[in-house]
Amino acid sequence: MSELAQLIEQSATRLFEDFSDSNAHELMEAGQFPETLWSDFLADGWLTTLLSESDGGSGLGLAGGCVLMRLAGYYSVPLPVLESLMAVYLAAESGFTVNDELLVPAIISEPLKADSEYTIRGVPWARHASSLLVILSSNNETRVSMLSCQSVTIVEGQNMAGEARDDVTINTTQLNDSQSLSGIDIEQVKSWLALGRAAQMAGSLQRVLEMTVEYANDRSQFGRAIGKFQAVQQQMAVLAEMTSASICAVDAAIDHLASEQEWELIACAKITTGESAGYAAKTAHAVHAAIGFTQEYPLQLNTRRLWSWRDEYGNEAQWSAKLGKHCFQLETDNLWSWLTTQTS
């Protein structure tokens, strides 16, 4: 582990451990925003993690932010960690003044008609945000608008984990006063969001593995721990293997940020964590049996997030199709050679 990762883990773990002992999850799933936890998060300065020191941030960049996001996934932190950090970074890069109010990103990928209404589906945490950072492509340029949430129509929704995923309807005339996001295209923004979500999933997978191993060693049936049965051991071994693969894939993507292979490694990370999420959730619940589904037992906090997050910012099928299409266009007849040099 790098020195940077160690520093972030030491600082953030204390804060996130306190989160897990609070009733913030119940508040969030009841439709309330955990204001106290959000205040603690702001007080520790994590909101500006991605910003450079010259912009008033801590200068940790996206790599440092991903370490924080992995921890947030491990502890199932009921806050918009990924969305708030990314929105603040993109707003600052666009020249907007940022503050401690909650700002979340919303991406428009389709061409817009003038003076018409457009609905952005499943915007994370929109109902709780002060403003939306709307990102779109116009005339081969990435443009950014900041809209007050009071000026848009929000229809509330939620994902399987109870996190707010709202439909937001805007009038396209509200986007006339936009600013350029120089040097960053919209596909890059999408891939960064996917990497952040993959980092959260890697953390959540690690937590699911640890809880499942602990339970399998503690729970006894027919006179011995269920973890001693060969069938259970085989499933646990595959779970550990897929969790390690996910962590490695996210680490490789982080190591290749700002390289030519950046989006390809991010695609691999989101594919690997998505595939692992399904196996981890079914295996963990099979080992835990009925107790794993209860509200009081914390396993469901991680597994419901894994089921939800695998579909957000591109599921494994969508990223696989994009990566496969890219491979077909490569000017090489040696795919294996190309593949093995991507992480060198």
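Let me start with E312, which in this predicted model is buried, its relative accessible area being 13%. A natural thing to ask is which residues E312 pairs with, and I will take the two partners in turn.

One partner is R165, and in this salt bridge the closest N and O atoms are 2.8 Å apart. R165 lies in strand β6, residues 165-171, while E312 sits in the loop between α9 (299-309) and α10 (316-328), so the contact ties together parts of the chain that are 147 residues apart in sequence. R165 also counts as buried, at 9% relative accessibility.

The other partner is R197, whose salt bridge with E312 has its closest N and O atoms 2.9 Å apart. Because R197 belongs to helix α6 and E312 to the loop between α9 and α10, this pair ties together parts that are 115 residues apart in sequence. Here, too, both residues are buried. If we widen the view, E83, E163, R165, R197, R305 and E312 are linked in a network of salt bridges, and the structure as a whole holds 14 salt bridges.

Now please look at E187 and K322, whose side chains meet in a salt bridge of 3.3 Å, N to O. This pair links distant parts of the chain, with E187 in helix α6 (residues 186-218) and K322 in helix α10, 135 residues apart. E187 is partly exposed at 38% relative accessibility, and K322 is partly exposed as well, at 33%.

Finally, turning to the surface, E17, D18, D40 and D44 form a negative patch. Of these, E17 is found in helix α1, residues 3-20, and is partly exposed, with a relative accessible area of 37%.

Note on methods. Residues numbered from 1 in each chain as written. Predicted model: local features only at pLDDT ≥ 70, side-chain atom pairs only at ≥ 80, totals over all residues. Heavy atoms only, no water. Patch = residues over 30% accessible without salt bridge, like charges linked within 9 Å, V, L, I, M, F, W, Y side chains within 5 Å. Areas by Shrake-Rupley, 256 points an atom, 1.4 Å probe, with all protein chains shown as cover. Salt bridge = Lys/Arg side-chain N within 4 Å of Asp/Glu carboxyl O. Lys, Arg positive; Asp, Glu negative; His and termini not counted. Charge placed at Lys NZ, Arg CZ, Asp CG, Glu CD. Helix = DSSP H or I, 4+ residues; strand = E, 2+ residues; numbered from the N terminus. Buried < 20%, exposed > 50% of the residue type's maximum accessible area, 1.4 Å probe, protein only.
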